[in-house]
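I opened the notebook today to look up charged pairs in this structure, and after them a loop residue and a patch on the surface. The entries follow in the order in which I looked things up.

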Amino acid sequence: MKEYQIFKRIINYYETDKMQVVHHSNYVRYLEECRMDLFRQLQLDYEGMEQRGIMIPVLSVKCNYRSPARFGETICIIPKLERFTGVKFEMSYRIYSEDCKILHNEAESSHCFVDSEFRPIRVKRDFADIYDAMKALEGKDLFELLN
């Protein structure tokens, strides 16, 4: 990946609660949107992978809420591929204000590669292009690449 484009989105009204603060359940959706955007930038879009028989279920998610994000604000999400084994991977995310000065949320998610029967796929053996792209990104702090 030559240059990473930061993932940004505007908070919609329906994503907030009575206090106009983003409801906690929406952060999991934001992580997925960011992850899909990152994979798209790696030329590994989810639709293409599913056509190749690859599914990527979520194994776990953890969120730490730091500062509320509110209706109408733009957030920036910085992902990091922390670990990749060839079957499983773990990601971390930092969700910031548009100017990247206010940290709204820190999160983690874990995933695996499976076939349509939910059997693990050995990506290194069966899909070398995916393995190489993921290995190249592993451990890189995209936030530092932007600054």
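Entry 1, salt bridges. I counted the salt bridges in this predicted model, taking a side-chain nitrogen of Lys or Arg within 4 Å of a carboxyl oxygen of Asp or Glu as the criterion, and the count came to nine. I kept in mind that side chains of opposite charge can pair when their charged atoms come close.

Entry 2, E90 and R83. I looked up this pair and found that the two side chains meet in a salt bridge, with 2.6 Å from N to O. I then checked the accessibility of each partner: E90 has a relative accessible area of 31% and is therefore partly exposed, and R83, at 46%, also counts as partly exposed.

Entry 3, D115 and R119. Here I noted a salt bridge whose closest N and O atoms are 3.0 Å apart. The relative accessible area of D115 is 15%, which is under the 20% limit, so I entered D115 as buried.

Entry 4, R125 and D126. The side chains of these two residues form a salt bridge at 2.9 Å, N to O. I recorded R125 as exposed because its relative accessibility of 61% is over 50%, whereas D126, at 37%, is partly exposed. I also wrote down that R9, E15 and E33 are joined into one network by salt bridges that share partners.

Entry 5, E15. Having met E15 in that network, I asked myself where E15 lies, and I located it in the loop between β1 (7-10) and α1 (26-41). Is E15 buried or exposed? With a relative accessible area of 4%, E15 is buried. Its side chain makes a polar contact with the side chain of Y30, at 3.1 Å. When I left aside the neighbours within four places in sequence, I found E15 in contact with R9, I10, V21, V22, H23, N26 and Y30, so that R9 appears both in this list and in the salt-bridge network, and Y30 is both a contact and the polar partner.

Entry 6, the nonpolar patch. Which residues form a nonpolar patch on the surface? I found V28, V58 and V61, which together have about 210 Å² of accessible area. I followed up V28, which sits in helix α1 and, with a relative accessible area of 40%, is partly exposed.

Conventions
Residues numbered from 1 in each chain as written. Predicted model: local features only at pLDDT ≥ 70, side-chain atom pairs only at ≥ 80, totals over all residues. Heavy atoms only, no water. Helix = DSSP H or I, 4+ residues; strand = E, 2+ residues; numbered from the N terminus. Buried < 20%, exposed > 50% of the residue type's maximum accessible area, 1.4 Å probe, protein only. Polar contact = N/O pair within 3.5 Å; in protein donor to acceptor, adjacent residues only side chain to side chain. Contact = heavy atoms within 4.5 Å. Patch = residues over 30% accessible without salt bridge, like charges linked within 9 Å, V, L, I, M, F, W, Y side chains within 5 Å. Areas by Shrake-Rupley, 256 points an atom, 1.4 Å probe, with all protein chains shown as cover.
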